[in-house]
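Hello,

Here is the structure I promised to pass on to you. Please have a look at it first, and then read on for my notes on what turned up in it.

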Amino acid sequence: QVQLQESGPGLVKPSQILSLTCTVSGGSITTSSYYWNWIRQPPGKGLEWMGAITRSGSAYYRPSLKSRTSISRDTSKNQFTLQLTSVTPEDTAVYYCARSQSLIVKVTTRTDFDSWGQGTQVTVSS
């Protein structure tokens, strides 16, 4: 059973870079045809897909966030990372990493993704 775990700072100042890492255990991010996703949920709002990376390292981004988002991977550590630049308080959210069998750009239900991390709260504030 694959497990995902997010890690990173819980507080980021405005205009700085938000950086989160997802550590995957129980399965390799390079040997299976899954998409490895970042999803967030701002307070009082629904789940928002941010982007994904494939086993080959191809990355896909939400168009509205593309200019500020970068997803990369470290295959030696079986991790993938989210970087979001120029953050504002509107980026305050619970951030999740998740696995899917296809590219899903709009989250309609959590079951679209077969594995989730527990989520990590990130607050953008000075």
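Before the notes, one definition will help: rings of Phe, Tyr and Trp (its six-membered ring) pair if their centres lie within 6.5 Å. Please also keep in mind that this is a predicted model.

With that in hand, let me start with the aromatic residues. One aromatic cluster is made up of Tyr34, Trp36, Trp38 and Phe80. Across the whole structure, the search finds six aromatic pairs. One of them joins Trp36 and Phe80, whose ring centres are 6.0 Å apart with 55° between the planes, a tilted arrangement. Trp36 belongs to strand E4 and Phe80 to strand E8, so this pair ties together parts that are 44 residues apart in sequence. Both partners count as buried: Trp36 has 1% relative accessibility, and Phe80 has 0%.

For Phe113 and Trp116, the centres of the rings are 5.4 Å apart and the planes stand at 70°, so this pair is edge-to-face. Phe113 is buried at 3% relative accessibility, and Trp116 is buried too, with a relative accessible area of 18%.

Two arginines are worth finding while you look at the rings. Arg99 lies over the face of Tyr34, 3.7 Å from the ring centre. Arg110 has its charged end over the ring of Trp116, at 4.0 Å from the centre.

Next, the interior. Which residues of the largest nonpolar core touch the most other members? They are Leu18, Trp38, Phe80 and Tyr95, in a core of 23 residues. Strands E3 (18–25), E4 (35–41), E5 (48–54), E8 (79–84), E9 (93–100) and E11 (120–124) are the elements that each give two or more residues to this core. The most come from E3, which gives four residues. There is also a second, separate core of nine residues, and among its members are Ile39, Trp49, Ala52 and Trp116.

Phe80 is a good residue to click on. Leaving aside residues up to four places away in sequence, Phe80 touches a list of residues that includes Leu4, Leu20, Cys22, Trp36, Trp38, Ile53 and Cys97.

The strand that holds Phe80 deserves a look as well. Of the six residues of E8, five are buried, so this strand is largely enclosed by the rest of the structure. E8 pairs with E3 in the antiparallel sense, over six bridges, and Gln79 in E8 stands opposite Thr23. E8 also pairs with strand E7 (residues 69–74), again antiparallel and over six bridges. Here Leu84 in E8 is the bridge partner of Thr69. The hairpin of E7 and E8 has four residues between the strands, and Asn78 there takes a positive phi near 55°.

Finally, how many disulfides are there? The count comes to one. This disulfide is formed by Cys22 and Cys97, with their sulfur atoms 2.1 Å apart. The link is right-handed, with 70° about the S-S bond. Cys22 lies in strand E3 and Cys97 in strand E9, so the disulfide ties together parts that are 75 residues apart in sequence. Both Cys22 and Cys97 are buried.

I hope this helps you find your way around.

Best wishes

Note on methods. Residues are numbered from 1 along each chain as its sequence is written. This is a predicted model: local features need pLDDT of at least 70, side-chain atom pairs count only at pLDDT 80 or more; totals for chains, interfaces and linings use all residues. Side-chain values use heavy atoms; hydrogens and water are left out. A nonpolar core is a set of buried Ala, Val, Leu, Ile, Met, Phe, Trp, Tyr and Cys residues joined through side-chain atoms within 4.5 Å. Buried means under 20% relative accessible area, exposed over 50%, partly exposed in between (1.4 Å probe, protein chains only). Contact means heavy atoms within 4.5 Å. Two strands pair if DSSP finds at least two bridges between them. Rings of Phe, Tyr and Trp (its six-membered ring) pair if their centres lie within 6.5 Å; planes under 30 degrees apart count as stacked, over 60 as edge-to-face and the rest as tilted. A charge sits over a ring if NZ of Lys or CZ of Arg is within 6 Å of the ring centre and within 35 degrees of the ring normal. A disulfide is a pair of cysteine sulfur atoms within 2.5 Å.
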